[in-house]
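Let's take a walk through this structure together, stopping at a metal site, a helix and a few charged pairs. Have the sequence and the 3D view open as you read.

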Amino acid sequence: MSASLPLVDIPFDRRHTCWFCAEPCAHQFDYHALGHCPHPSLAVPACKECLQIAEKAPLSSIWDCHSAVKDELMRRYAKHLAIGENWTQEELEESDFSCKVFEGFKKSAWFMYQVAKERVSVAPWPLSLKGIPLDTAGFGGGFEFDGVQFSSLAKAVEHYAKMLGLDKAFLHQLLAAVGRDRFGYAVRIARINIVSTAVVKRQVLRDILAEQALDYDSIGNDSLDDE
Ligand SMILES: [Zn+2]
């Protein structure tokens, strides 16, 4: 495990819990900021499962990545989550079923439901590095593209990758490089590389990052205040 990236500040009551799902955790997820990422590279505590999901879906910021992890947890635990749909906690506690079958249900299935429910609904704590809060403006919640509203950037990627037969991992990497504001551009690049090899795709990513670095240089540190 590399310890190179700065770990975000961890609230006292969230020590040893996963930033994504609040389960106890022993790992950390390194987020390498690329291109237009609105925050510096950083690390957040993560459980093993969230870590594995997050590594496949960095998207254009740690917050987009969080939505992607949540979506995937919901997909994986859809059955567990469905358990709760027919019952409320009160109903369960008040019910005077005493048969073994029902007791078993309360102990196992209901417990699994509660764990799954908690994991997908917990809000991540606001991120800060060495006491300085990260600006989340424009990076929470939904994502709109081409007039269609998605619940998250990850959902939009899911949709377009499926609809156009794109390499989802590549589209994720492109978005990490160009940022969510250039979603259409990322989709176009993914489309023209639909039959490209992994080597070509890596080169495309390198070219894009190099090009952007040049753009930054040409803008340089010129202030924008002299009109
Ligand atoms: Zn987790």
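Which residue forms a salt bridge with K201? The partner is D167, and the closest N and O atoms of the two are 2.8 Å apart.

## Before we start

This is a predicted model, in which local features need pLDDT of at least 70 and side-chain atom pairs count only at pLDDT 80 or more, while totals for chains, interfaces and linings use all residues. Residues are numbered from 1 along each chain as its sequence is written, and side-chain values use heavy atoms, with hydrogens and water left out.

## The pair K201 and D167

A salt bridge here is a side-chain nitrogen of Lys or Arg within 4 Å of a carboxyl oxygen of Asp or Glu. As background, side chains of opposite charge can pair when their charged atoms come close. K201 and D167 form such a pair. It links distant parts of the chain: K201 sits in helix α10 (residues 198-219), D167 in the loop between α7 and α8, and 34 residues separate them. Helices are DSSP runs of H or I with at least four residues, strands are runs of E with at least two, and both are numbered from the N terminus.

K201 counts as buried at 12% relative accessibility, whereas D167 is partly exposed, with a relative accessible area of 32%. Buried means under 20% relative accessible area, exposed over 50%, and partly exposed in between (1.4 Å probe, protein chains only).

## More salt bridges

How many salt bridges does the structure hold? There are 8. One of them joins D71 to K155, with the closest N and O atoms 3.5 Å apart. This pair also links distant parts of the chain, since D71 belongs to helix α2 and K155 to helix α7, 84 residues apart. D71 is buried, at a relative accessible area of 17%, while K155 is partly exposed at 36%.

Another salt bridge stays within one helix: R76 pairs with E72, their closest N and O atoms being 2.8 Å apart. Both residues lie in α2, 4 residues apart, about one turn of the helix. An α-helix has 3.6 residues a turn, so residues three or four places apart point the same way. R76 is partly exposed, with a relative accessible area of 39%, and E72 counts as buried at 19% relative accessibility.

## A zinc site with four cysteines

Which atoms coordinate the zinc ion? They are the SG atoms of C18, C21, C47 and C50, at 2.3 to 2.4 Å. Donors are N, O and S atoms within 2.8 Å of the metal (3.2 Å for Na, K and Ca); water is not among the atoms, so sites may look incomplete. In sequence, the donor residues follow the spacing C-x2-C-x25-C-x2-C.

The site is tetrahedral, with angles of 102 to 117° among its 4 donor atoms. Four donors earn that label if all angles lie between 85 and 135 degrees. Two of the cysteines can be placed by accessibility: C47 is buried at a relative accessible area of 7%, and C50 is buried at 0%.

## Helix α7 and its buried face

Helix α7 covers residues 153-164. Its 12 residues should span 16 Å at 1.5 Å a residue, and the end C-alpha atoms are indeed 16 Å apart; the expected span is 1.5 Å times one less than the number of residues.

Which residues of α7 are buried? They are L153, A154, A156, V157, Y160 and A161. Seen down the axis of α7, the buried residues fall within an arc of 155°, so they line one face of the helix; the arc is that of the directions from the helix axis to the C-beta atoms. On the other side of α7, K162 and M163 are exposed. Among the elements covering the buried residues are α2 (62-76), β5 (143-145) and α8 (168-178). Just after α7, G165 takes a positive phi of about 65°.

## Two buried residues and their neighbours

H172 is found in helix α8 and is buried, with a relative accessible area of 4%. It touches K56, A57, P58, L59 and V157, not counting residues up to four places away in sequence. Contact means heavy atoms within 4.5 Å.

Q212 is found in helix α10 and is buried at a relative accessible area of 6%. Leaving out residues up to four places away in sequence, Q212 touches G35, H36, A177, V178 and R182.

How values were computed:
Tetrahedral: all angles 85-135°; square planar, octahedral: opposite > 155°, others 65-115°.
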